[in-house]
Amino acid sequence: MSRMGGRLIWGAPVASGLLLAATGALALGAPVPSDHFLDQVLPNVVLGLVLPLLGAIVLSKLPGHPLGRLWVLTGVAGALTLAVHTYALFGSVVRPGAVPFTAVAAWVSSWLWVLGFTPLLTLGLLLFPDGRLPSSRWRPLLAVAGAAVVLPILGQALAPGRLEQTAVENPLGVPALAELTALFRGAGALCFTVAVAGGAAALVVRWRRGGPEQRRQLALPAVAAGLLGATFLVPAADPLLPWLDTVIIAEVTLLLLSFGVAVLRDRVAGAEVVLRRSLTYGLLTGALTFTYAAAVATLSALVNDRGADLLAAVATALIAMPLRDRLRRIVDRAVYGERFDPFTALDRLNQRLDGAADPESVLTGVAESVATILRLPSVRVVVISGDNEVVAASAGADRASWTRLPLRHHDEQVGALLVAPRSGQTILDPRDLRMLEALCRPAGAAVAAVRMSTELRRSRQRIVAAREEERRRLRRDLHDGLGPTLAGIGLGLEVARAASDPIAVDRLLIELKQEAAAAVLDVRRLVEDLRPPALDELGLVGALREHADRITHRNGCAVTVKAAAIEGLPAAVEVAAYRIAMEAVTNAVRHAHPSACLLALALDDVLTVEVTDNGSGMPASQVDGLGLGVGLAAMRERATELGGTLRVGAGREGGTTVIARLPLQGR
């Protein structure tokens, strides 16, 4: 914003204040009746003081905001109305002819007041709180709101006769237009009613369609408007009238301030504090007003008016402090959520988690529950998998700053909770942090469960993909290899049957025998790929000992198998243990060149396969499973498919240790 623009913005409340000061100086010479002061003068004073200041603040934070401009216009119009009207009274009633342009001032004041109240209650409601219409379908209501301003101005400016509360005849009044100006005023009143009702309907639509953030934005103006409306229902007993007028003015001020807080809640530090205190004391004022009125109405039938007033005041004073504490707790829950009630907060989060239909909705439930419980504008749930971090769920709009809290499960960080401070805050309140730490424990368990479910689903997908690839390979081998071989043998037998030369038949049968032997080898290879025959013939321990003896004989590395008899293993576990053990021993002999290698099997709740060698160790690239054929990557895959783990590291006495732990779910 330019320096000149800033001066113009802040010049509006200064000018309004000067107008009100001039009005006060004129009023010293033109006493105003008390009822006229409360009904007409004081409301314009409030508008002239509060609205230009609110508009200037809004425009300084949000340049060009329509509501900021509207509030500046209506506030200055209210102050100017009061100034010119007081000037007209002074020059036409108190001291006639003492000041010039009295008729002009009286004429201007007769219609200028429309620019104060009418746009505030029509356009102000329609454009609140973001300065835009709820949708394009509300545009006709803008025309109605404009007519509610223009028609009364024309009706007042051209109406013939004496101007209100002055001794001045309307200088522009046209007697022939008397009926038309009356029609203008009636149509303007109708448009005003329609526009106000439409503005209220627009607020209801915004409330119903808006999320938690927008509803909190509308909460304070709604409560302030409700208090103001309810005050008019208080019985108009004579002792109450002066106090009720004062309360109404206070509530109007609260309503105007609530508009500013709602618009600036994202730009003003401490907006939530203002909201909380305004709600608390606004509700307290309204409640005490009703209490006092009810007490006066009840006690007036029992004692005299003075005694009723005294007893009502005592009763109101006695309930003031307890009522304030109770209202503060209610408002705290409305503004800050359930940060003061950890048990209720945890119960609500657990209920949301229990009601989740699928893993994806669990994390969404965590984000939405935390945002709702603590009334936070935005929450993100991040899932950590290895070195990757993924935003798995969110609630609310993106924010510039976040507070990060770790989500742990069994001493492992499985994710993080990102929360945005409330509007006007730069950091979270310590009470919010304590509540969030309590909520992070069940949230961490939920993230761990979802991550495990996701990994299980991916593992199943890999298993299905591997199974289909294996079936494709078997089909290819049977169709392209074994099938043609058997077909060729069949054709050869037909030829041998039809041949008459014994020598040729004998030679052909020898060739067919060789082809049949090759086919048998293909069948054995296929069967071994499905499941090693040694497992069925010798068992897991026996098959591994046979493999260890073969490596010892061929490579000179003493491979020792240490295991008790292990029986009754699930087939998948047995095959995985056999493949992992063979691969680990083969890798050690091939790459580390050890003189000895120990293969140990242990069975308790899981089957543990441990291969330790005393070789040179494995390079980092090999530990990552690179350049090893099937390699460690395939070994890890086999362990993961069964829900197990594989760990590779340095041995206690040098060399390398490979440890696989395979659960026995199918045992």
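Let me start with burial: of the 667 residues in the protein chain, 42% are buried. Keep in mind that this is a predicted model. The chain has 20 helices and nine strands. About 34800 Å² of the protein chain is exposed, and 61% of that comes from carbon and sulfur atoms. On contacts: counting those with a separation of 6 or more, 67% are between residues 24 or more positions apart.

I will go through two helix pairs, then a few single residues. Two packed helices are described by the angle between their axes and the distance between the axes.

The first pair is α3, residues 66-94, and α4, residues 102-112. Their axes come within 8 Å and cross at roughly 140°. An angle has to be over 145 degrees to count as roughly antiparallel, and α3 and α4 are therefore oblique to each other. The crossing of these two helices is left-handed.

Which residues of α3 and α4 meet? From α3 there are Ala77, Leu80, Thr81, Val84, His85, Tyr87, Ala88, Gly91 and Ser92. From α4 there are Thr102, Ala105, Ala106, Val108, Ser109 and Leu112. By class, the residues of this contact are nine nonpolar and six polar, with no charged.

Staying with α4: how many of its residues are buried? Nine of the 11 are, so α4 is largely enclosed by the rest of the structure. The buried ones are Thr102, Ala105, Ala106, Trp107, Val108, Ser109, Ser110, Trp111 and Leu112. What do they pack against? The partners are α3, α5 (114-121) and α7 (139-157).

The loop between α3 and α4 holds Phe101. Is Phe101 buried or exposed? Its relative accessibility is 65%, and the cut-off for exposed is over 50%, so Phe101 counts as exposed. Phe101 also has a positive phi, near 55°, and is not a glycine. For background, most residues other than glycine have a negative phi, and most peptide bonds are trans.

There is a second case of that kind, His593, with phi near 50°. His593 sits in the loop between α18 and β6, the latter being residues 596-603. With a relative accessible area of 61%, His593 is exposed.

As for the peptide bonds, the one from Phe128 to Pro129 is cis, with omega near 5°. Where is Pro129? Pro129 lies in the loop between α6 (123-127) and α7.

Now the second helix pair: α17, residues 533-555, and α18, residues 571-592. Here the axes come within 11 Å and cross at roughly 5°. That makes α17 roughly parallel to α18. On the α17 side, the contact is made by Leu535, Leu540, Ala543, Leu544, His547, Ile551 and Asn555. On the α18 side, the residues are Glu574, Val575, Ala577, Tyr578, Ala581, Met582, Val585, Thr586 and Val589. This contact divides into 12 nonpolar residues, three polar and one charged.

One more residue, back at the start of the chain. Ile9 is in helix α1, residues 3-27. Ile9 is buried, at 14% relative accessible area. What separates the C-alpha atoms of Ile9 and Val72? The two residues are 63 residues apart along the chain, and their C-alpha atoms are separated by 8.5 Å.

That is what I have; questions are welcome.

Note on methods:
Residues numbered from 1 in each chain as written. Predicted model: local features only at pLDDT ≥ 70, side-chain atom pairs only at ≥ 80, totals over all residues. Heavy atoms only, no water. Helix = DSSP H or I, 4+ residues; strand = E, 2+ residues; numbered from the N terminus. Buried < 20%, exposed > 50% of the residue type's maximum accessible area, 1.4 Å probe, protein only. Contact = heavy atoms within 4.5 Å. Areas by Shrake-Rupley, 256 points an atom, 1.4 Å probe, with all protein chains shown as cover. Axes fitted to C-alpha atoms, helices over the stretch in contact; angles between N-to-C directions. Parallel < 35°, antiparallel > 145°, perpendicular 65-115°, else oblique. Left-handed = near helix turned anticlockwise from the far one by under 90°. Nonpolar A, V, L, I, M, F, W, Y, C, P; charged D, E, K, R; others polar.
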